[in-house]
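This report describes selected local features of one protein model. Please consult the sequence and the coordinates alongside the text.

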Amino acid sequence: MPLKLSLKPGEAVIVNGAVIRNGERRGTLLLETKARILRERDIMFPEQVVTLQDAAYFAVMQMYLTGDSEGPLYDACISSLADLMEKTTDQAVRDDVLGITRSLAGGQVYKALGACRKLVRHDPAVEARSG
């Protein structure tokens, strides 16, 4: 079954590394094969990384976009997650980090990215700041 993406006017999506921007009207894409897809609203740029949660999301996002499941990007992900685990006292965040790590170890990078997205939106009493 194809994946149906509805795009707003001017909205961009990354498909297997290619940036595709919709035209002036609402549009629909049907993807017939498996692909790495990321909507514009889910893309984080380096200058947007402020918290340790952001750093973890950014690292996993890079891994997802490149299709790498090992090597330097994997190491960066694990390092970011370890930093977050070390600095946070929020047990829910710690549990999420362990789940993300398990997903990465199992090669489920998209699942890990979704869990990281929730972490970025999570607002613990004391945010773990990077730096």
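The paragraphs below treat one helix and two backbone positions.

The model is predicted: local features need pLDDT of at least 70, side-chain atom pairs count only at pLDDT 80 or more, and totals for chains, interfaces and linings use all residues. Residues are numbered from 1 along each chain as its sequence is written, and side-chain values use heavy atoms, with hydrogens and water left out.

Helix H3 comprises the 15 residues 91-105, and its end C-alpha atoms lie 21 Å apart, in agreement with the 21 Å expected at 1.5 Å a residue. Helices (H or I, at least four residues) and strands (E, at least two) are DSSP runs numbered from the N terminus; the expected span is 1.5 Å times one less than the number of residues.

The buried residues of H3 (under 20% relative accessible area, 1.4 Å probe, protein chains only) are Val93, Val97, Ile100, Ser103 and Leu104. They lie on the same side of H3, because they cover an arc of only 120° around the axis, taken from the directions from the axis to the C-beta atoms. Their cover includes helices H1 (52-66), H2 (72-87) and H4 (109-121), with contact meaning heavy atoms within 4.5 Å. Arg102 and Ala105, both exposed, occupy the face of H3 turned away from the buried side; exposed means over 50%, and partly exposed in between.

At the start of H3, a side-chain oxygen of Asp90 comes within 2.9 Å of the backbone nitrogen of Ala92.

Two residues have positive phi:

| Residue | Location | Phi |
|---|---|---|
| Asn16 | loop between strands E2 (12-15) and E3 (18-21) | near 50° |
| Gly107 | just after H3 | about 80° |

Asn16 is partly exposed, at 42% relative accessibility.

Methods: Polar contact = N/O pair within 3.5 Å; in protein donor to acceptor, adjacent residues only side chain to side chain.
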